Amino acid sequence: MGEPQLHAPTGSPREAPRRRPWSQAWLAALPVSPVLGGVLLFVAHVALGLTLVGLLGDFGAEPGRVLRLLRESGFATVIFGLLIGYAPAAMAASERAQLRALHDLRPALRISPEGFEGLERALTSFDLRELRIAGTIAALATLAILFLDPGVQRTRRIDDPVILWNVWQNVLAGWLCTRTMSRELRASRFFSRIGDRYAEVGLFDLRPLAPFARRGIQGALVAILMLSLFSLILLDRGAARVAPLIQALVILLGGVSLFLPMRGVHRRIAANKRESLARIVERIARAEAALVASSAGAEADAATRLAALLALRREIESAREWPLEFSLLVRFGAVVAIGLLSSLGQVILERILGAYLP
């Protein structure tokens, strides 16, 4: 995938309206927040799925038909419905959070008002080709897993309505979720490049750069919540066996999501720190030479100057290279804990509902 462009597109936005994915255009058209829009999509998916499968599927005669329907399709339809509702809602909510982070960074960016408007337009634009490629790869991979993986249970014919519905919701969820994560990755790279190109760096006060870290935490939350929902699908394969893998992925995704937006500004801070140390080392060398060559009356002043320079060097060496404060680390730890605890909760849930899982 290409790197996100930082420059504004040519032409006026009024003359060339920016295209948006259908899921985002649909959410934007609703008179409700993205979260409520995702809830509506979840409800619609579950209602449609249970109605279609209930009417067309063969679950035997009453009594027990409803229970068999819920066991074979109900649980999966609910979990896939959560993913299908979550993915576009998370993309829309994340876009708003990205814009807030960009505006919070404005005082720390060396850029003209026109250039900043270009950053806004670039951040809110969509690379539809990139999203289509990501979604297509996810759909093909999902189909390959469903039809080629010997571990996937096959209790019905391929043309059975239950199987067709399951294939559809697998593909749709994979398509939507992968597009959302592709969008998050693009935004993280975007912030990284902003930090590398435009951030005004001061070694002893990184507070203006904290929005880079907040953006990383927001991206980690999107990824970890999605992974937690997805891992529910694996309950029927043994949550106790899957939990360590999920926990490893939570830590990996959380770390990448947190540090990627800060990578560019980290390079700027590290370069600034190296340059400052190089200058202070030169001044220390000159101060040492001046102290050795100073007369008896000037020794005190030369020694005081050298001590001040040495203290400044220690301060520079101990300066942080990442704009992470303790409060932000606590928030990140809470986000990671959500994913780690969810995998443990799935083990408990499997023990409780194991008899009802398909």
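# Reading helix packing

Mentor: Let's jump right in: the axes of helix 9 and helix 10 come within 9 Å of each other and cross at roughly 160°. This is a predicted model, in which local features need pLDDT of at least 70 and side-chain atom pairs count only at pLDDT 80 or more, while totals for chains, interfaces and linings use all residues. Residues are numbered from 1 along each chain as its sequence is written, and side-chain values use heavy atoms, with hydrogens and water left out.

Trainee: Okay, but how do I read an angle and a distance like that?

Mentor: Two packed helices are described by the angle between their axes and the distance between the axes. Axes are lines fitted to C-alpha atoms, for helices over the stretch in contact, and angles run from 0 to 180 degrees between N-to-C directions. Angles under 35 degrees count as roughly parallel, over 145 as roughly antiparallel, 65 to 115 as roughly perpendicular and the rest as oblique. Helix 9 and helix 10 are therefore roughly antiparallel to each other.

Trainee: Is the crossing of helix 9 and helix 10 left-handed or right-handed?

Mentor: Left-handed. That label applies if the near helix is turned anticlockwise from the far one by less than a right angle; clockwise would be right-handed. Contact means heavy atoms within 4.5 Å, and among the residues making it are Lys273, Leu277 and Ile284 of helix 9, with Ala303, Leu309 and Ile316 of helix 10. By class, this contact divides into 13 nonpolar, one polar and seven charged residues. Ala, Val, Leu, Ile, Met, Phe, Trp, Tyr, Cys and Pro count as nonpolar, Asp, Glu, Lys and Arg as charged, and the others, Gly among them, as polar.

Trainee: Can we zoom out? How many helices and strands does the chain have?

Mentor: There are 11 helices and zero strands. Helices (H or I, at least four residues) and strands (E, at least two) are DSSP runs, numbered from the N terminus. As for the surface, the accessible area of the chain is about 18,700 Å², and 64% of that belongs to carbon and sulfur atoms; such areas come from the Shrake-Rupley method with a 1.4 Å probe, and for residues only the protein chains shown count as cover.

Trainee: What percentage of the 358 residues in the chain is buried?

Mentor: Buried residues make up 44%. Buried means under 20% relative accessible area, exposed over 50%, partly exposed in between (1.4 Å probe, protein chains only).

Trainee: Let's try that on Lys273 in helix 9. Is Lys273 buried or exposed?

Mentor: With 9% relative accessibility, Lys273 counts as buried. Not counting residues up to four places away in sequence, Lys273 touches Leu203, Ile316, Glu317, Ala319 and Glu321. Now compare Ala303, which sits in helix 10 (residues 299–318): at 34% relative accessibility, Ala303 counts as partly exposed.

Trainee: What about another pair? Which way does helix 6 run relative to helix 9?

Mentor: The axes of helix 6 and helix 9 (residues 263–293) come within 6 Å and cross at roughly 25°. That makes helix 6 roughly parallel to helix 9. The contact is made by Ser192, Gly195, Asp196, Arg197 and Tyr198 of helix 6 and Arg263, Gly264, Val265, Arg267 and Arg268 of helix 9. Those residues divide into two nonpolar, three polar and five charged.

Trainee: And at what angle do helix 5 and helix 6 pack?

Mentor: Helix 5 (residues 128–148) and helix 6 (residues 161–198) pack at about 140°, with their axes 8 Å apart. That makes helix 5 oblique to helix 6. This crossing is right-handed. The residues in contact include Ala134, Ala138 and Leu146 of helix 5, and Val167, Gly174 and Arg186 of helix 6.

Trainee: How do I spot parts of the sequence that meet in space?

Mentor: Take Thr77 of helix 3 (residues 65–105). At 1% relative accessibility, Thr77 is buried. Leaving aside neighbours within four places in sequence, Thr77 is in contact with His45, Val46, Gly49, Trp165 and Gln169. Leu48, found in helix 2 (residues 34–56), is 29 residues from Thr77 in sequence and 9.6 Å away in space, C-alpha to C-alpha.

Trainee: What does that look like for the chain as a whole?

Mentor: Among contacts between residues at least 6 apart in sequence, 84% join residues at least 24 apart.
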